[in-house]
Amino acid sequence: MTESKTSPAPASTPAVRRTPSISASPTATPTSTSPMSTATTTSKSTPTASALPVSIDWVRAVVTGAQRIPAPAGPGPYADAAAVLRGIGLIQLDPLTRVSTAQRLTTLTRLPRSARAEEIDSSLWPAGAPLHGTPVSFEAFTKVACLFPIEDWPLLQLRRERVRETYAQRLDPRMRAQIREVVAAARNGVQIGGIEAAMGATRTTGWNWSEIKHAAELMVRTGELVITARNGIIRLFDLPERALPAPILEAAQLPPEQLRGDLARRAAGTLAVMTVADFAHHYHLSTADAACGIELAGLTALQVPGWKDLGYCLPELPEQAVAAAGTAPAGQSRLIGPFDPLLRDRGRARRIFDFDYTFEAYVPKDKRRYGHYVMAVLSGTELVGRVDLQRVGPVLQINRVFPEPGHSTRSVTARVRAAARTLSTQLGTEMQILGGGEDR
């Protein structure tokens, strides 16, 4: 992966944010991508007079650069999975393990080949057994389950208040008090089964949630309970006043305007370039709240060729040097999971990378176009193809390679081999390629 000469600007966060622990910076490369657009196409909507025109190549370069993905051999900018989480600000969770879990794939992509998959979860949830260390993360929902750096708890305060105002009346006060009493009695947090058992409720099985489970999950969304630890894959419910550091709790009481602006700056620091809709999707905000946050943050408006809406970035970003646009040597390629920040917003991936992705795990087999579990192939600043793959025991099996238009099967297959070899080493598996590619 080609890296920028100047590291992407860190996200602005409340005063309680601590500096991420990072190792030596990756080797710098010459810069050749200017932010200024040379295209004659204009935005479909009327841009503001102050919007800075930029090229799509520059957008791709800064968006991929903000992910700080190192060359497989390293060294990388992140020391461990916890540092990756602090850097990118959000990791979507998903339990499917056809290749590996979503949190492992997302973090391994941003760590060198020497990183090991089995070390990821203990780095993200050190507060659980057997370490019982200081928490570094908390689980919450945007539209889906996600993991956030613990320092970002204040930034989601307004989101929690919105959920409380909208849904808290559904909670039976007596049940809420009983749940808090059970959780308070468990010094290191308690799993949902323990809460249900203590209250004499029917146990949750799969998606058949008990009333207690529904109530406890809603209390997590409102901030009355928090999940900062896991025992294996089992989530532990705890009280915020016990699980979170006091400065984190105090920062959540900052003025709403500051929290809105800080959240927008946080998103801009990790997404690099975003529209109002991108920001709203990232944190599951209303369009009005997202637009307000961007205005309060003082972000720079951007005019991108072909985009109907303005993009926004941190004011200092256009002045920073970025990597050359285009593909990188095959050996630096990486596989991007379906829930990765580069891909989880399908519309944004289509707009920035011209990459149309559909997750087909739940599509009937005879109606799938690419495969059950497909990952994108990142080379430099481009998504050049996709690969259907799966883990079968000790083997990472490559089923089929699909190049994107404009990229040859031979070129993309070489990049898939290199990227899959890196992932296979991190997973501790052998690699086997079954099918060939298909020119399109």
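**Notebook: strands, sheets and one helix pair**

I began with strand β11 (residues 382-392): eight of its 11 residues are buried, so β11 is largely enclosed by the rest of the structure. Buried here means under 20% relative accessible area, with exposed over 50% and partly exposed in between (1.4 Å probe, protein chains only). Helices (H or I, at least four residues) and strands (E, at least two) are DSSP runs, numbered from the N terminus.

**Ground rules**

I noted that this is a predicted model, in which local features need pLDDT of at least 70 and side-chain atom pairs count only at pLDDT 80 or more, while totals for chains, interfaces and linings use all residues. Residues are numbered from 1 along each chain as its sequence is written, and side-chain values use heavy atoms, with hydrogens and water left out.

**Confidence**

I looked up pLDDT, the predictor's confidence in each residue, from 0 to 100. The average for the protein is 89, and 88% of the residues score at least 70. Residues 38-46 fall below 50, and beyond near neighbours in sequence this stretch has 13 contacts in the model. A contact means heavy atoms within 4.5 Å. I found pLDDT under 50 over residues 436-440 as well, and for these the model has 17 contacts beyond four places in sequence.

**Whole chain**

I counted 15 helices and 13 strands in the protein. Of its 440 residues, 56% count as buried. Among contacts with a separation of 6 or more, 67% come from residues 24 or more positions apart.

**The sheet around β11**

I then went back to β11 and its neighbours. Two strands pair if DSSP finds at least two bridges between them. The open sheet has five strands in the order β9-β10-β11-β12-β13, and its pairing is mixed. I put β9 (334-336) and β13 (430-433) down as the edge strands, since each pairs on one side only. Neighbouring strands are turned by 40 degrees against each other on average, direction ignored. For such angles, axes are lines fitted to C-alpha atoms, for helices over the stretch in contact, and angles run from 0 to 180 degrees between N-to-C directions.

I took the pairs in turn. Strand β10 (residues 374-379) pairs with β11 in the antiparallel sense over six bridges. Leu378 has Leu383 in β11 as its bridge partner. Two residues lie between the strands in the hairpin of β10 and β11, where Gly380 takes a positive phi near 65 degrees.

On to strand β12 (residues 395-403), which is joined to β11 by eight bridges and runs antiparallel to β11. Arg391 has Leu396 in β12 as its bridge partner. The hairpin of β11 and β12 also has two residues between the strands, and Gly393 there takes a positive phi near 60 degrees.

I checked the pair of β12 and β13 last: the two run parallel, joined by four bridges. Leu396 stands opposite Met431 in β13.

**The sheet of β2, β3 and β4**

I looked up a second open sheet, of three strands in the order β2-β4-β3 with antiparallel pairing. Its edge strands are β2 (91-92) and β3 (137-141), each pairing on one side only. Five bridges join β3 to strand β4 (residues 145-149), and the two run antiparallel. Their hairpin connects through three residues. I noted two opposed pairs: Phe138 has Phe148 in β4 as bridge partner, and Ala140 stands opposite Cys146 in β4. Four of the five residues of β3 are buried, so I recorded this strand as mostly covered.

**Ser100**

I placed Ser100 in the loop between β2 and α3 (102-109). Its relative accessible area is 8%, so Ser100 is buried. Not counting residues up to four places away in sequence, Ser100 touches Leu105, Tyr373 and Leu427.

**Helices α5 and α8**

I closed with helix α5 (residues 157-167) and helix α8 (residues 211-222), which pack at an angle of about 135 degrees with their axes 7 Å apart. That makes α5 oblique to α8. Angles under 35 degrees count as roughly parallel, over 145 as roughly antiparallel, 65 to 115 as roughly perpendicular and the rest as oblique. From α5 the contact takes Arg160, Val163, Arg164 and Tyr167, and from α8 it takes Leu218, Arg221 and Thr222. I sorted the residues of this contact into three nonpolar, one polar and three charged. The classes are nonpolar for Ala, Val, Leu, Ile, Met, Phe, Trp, Tyr, Cys and Pro, charged for Asp, Glu, Lys and Arg, and polar for the others, Gly among them.
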